[in-house]
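Q: I should like a close look at a single part of this structure, namely the cavity enclosed within it. Please set out the overall fold beforehand, and add some individual residues afterwards.

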Amino acid sequence: MGIREQLLDEKGTIYTHFEKKKRIFDALDAIVGPDMPFQKVKISMLCEAAGISRTQFYTYFDSLNDVPNWHSLLAHEMGLDRVGISLNWRESYFLTSQEFFNHRSLYNSVALRQGADSPYNIIMRHRINQLRSNVKQKGGEITPLIDFQIESLSDLEFSTFTKWNQGKIDMPLRQFCAYQETLVPRELYKALETPLDVYL
């Protein structure tokens, strides 16, 4: 189930879970900075900043690493996950990049994490699976070439975005999104160039 679906219950009301998760994420975003890298944040500090107990924290997240991972997936659902479905390439890059950029200190600190639940591994698995799903949803076939392009692009996107977010690629947001669009391999670009919504 996607994050958007988690927001609504059978009556169409917003779950308190989302609001609590967002409050915890916002508290983490406020704590992390040059003097407090993500690796030094303790759950007790985060709970105090968010105004919740440890028990409440563990109701919503299994670990501290899960907090930025949750938001990363939310940012993807806002933009990148919708390429070829309801957004074109540049629009999808803009919406997700803007959300990450709004929390750049946190993500620059989190990007240093290693391991199975690192942002790289979480985002890569998600991005690859979502691009495959979008191609299929549009009636395309996952050929060996398309699959290679999906995997290569996902790795390239993560690398270039991390460098841009760290200030190593000096471009304003809109220019960076246009640049990202030029990196999409041609066959994959064509497969998801026009959103499905255009045909409805």
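What pattern does the chain follow when it is read along the sequence? Where does the largest cavity lie among the helices, and which residues line it?

A: The model discussed here is predicted. Read along the sequence, the chain follows the pattern α-α-α-α-α-α-α-α-α-α-α. In other words, it holds 11 helices and 0 strands.

The overall dimensions come next. Along its principal axes, the C-alpha trace spans about 50 × 45 × 30 Å. The radius of gyration is 18 Å, and this agrees with the value near 16 Å that a compact globule of 200 residues would have. Of the 200 residues in the chain, 46% are buried. Contacts also link distant parts of the sequence: among those between residues at least 6 apart, 67% join residues at least 24 apart.

We now turn to the cavity itself. Rolling a probe the size of a water molecule over the atoms shows where empty space is left. A search of the whole structure finds 1 cavity of 30 Å³ or more. The volume of the largest cavity is about 280 Å³.

Its lining consists of 21 residues, and those nearest the centre of the cavity are F100, I123, E157, F158 and F161. Several helices contribute to this wall: α5 (66-78), α6, α7, α8 (119-137) and α9 (144-165) each supply at least two residues. Helix α9 provides the largest share, with 6 residues. Sorted by class, the lining has 9 nonpolar, 10 polar and 2 charged residues.

Helix α9 deserves a further look through one of its residues, S154. S154 counts as buried because its relative accessibility is 2%, which is under the 20% limit. The side chain of S154 reaches the backbone oxygen of I150 at 2.8 Å. Leaving out residues up to four places away in sequence, S154 touches M124, R127, I128 and L131.

Helices α6 and α7 also supply residues to the lining, and the loop between α6 (89-101) and α7 (104-110) is the place of H103. With a relative accessible area of 9%, H103 is buried. The side chain of H103 makes a polar contact of 2.8 Å with the side chain of D29. Apart from residues up to four places away in sequence, H103 touches F25, D29 and H71.

The loop between α5 and α6 contains G84. This glycine has a relative accessible area of 0%, so G84 is buried. When neighbours within four places in sequence are set aside, G84 is in contact with K138, L192, T194, P195 and L196. By contrast, the C-alpha atoms of G84 and D170 are separated by 28 Å, and these two residues are 86 places apart along the chain.

A last residue illustrates the opposite situation. G51 lies in the loop between α3 (43-50) and α4 (54-60). G51 counts as exposed because its relative accessibility is 56%, which is over the 50% limit. From G51 to A27 the distance is 9.0 Å, C-alpha to C-alpha, and the two residues are 24 apart in sequence.

Conventions:
Residues are numbered from 1 along each chain as its sequence is written. This is a predicted model: local features need pLDDT of at least 70, side-chain atom pairs count only at pLDDT 80 or more; totals for chains, interfaces and linings use all residues. Side-chain values use heavy atoms; hydrogens and water are left out. Helices (H or I, at least four residues) and strands (E, at least two) are DSSP runs, numbered from the N terminus. Buried means under 20% relative accessible area, exposed over 50%, partly exposed in between (1.4 Å probe, protein chains only). A polar contact is a pair of N or O atoms within 3.5 Å; within protein, one must be able to donate a hydrogen and the other to accept it, and residues adjacent in sequence count only if both atoms are side-chain atoms. Contact means heavy atoms within 4.5 Å. On a 1 Å grid over the protein atoms alone, a cavity is a set of points where a 1.4 Å probe fits but cannot get out, and a pocket is an open set with protein on both sides within 12 Å along at least five of seven lines; lining residues have an atom within 4 Å of a point. Grid points are joined across faces, edges and corners, and a volume is the space filled by probe spheres set on the points. Ala, Val, Leu, Ile, Met, Phe, Trp, Tyr, Cys and Pro count as nonpolar, Asp, Glu, Lys and Arg as charged, and the others, Gly among them, as polar. The radius of gyration is taken over C-alpha atoms; the globule rule is 2.2 Å times the number of residues to the power 0.38.
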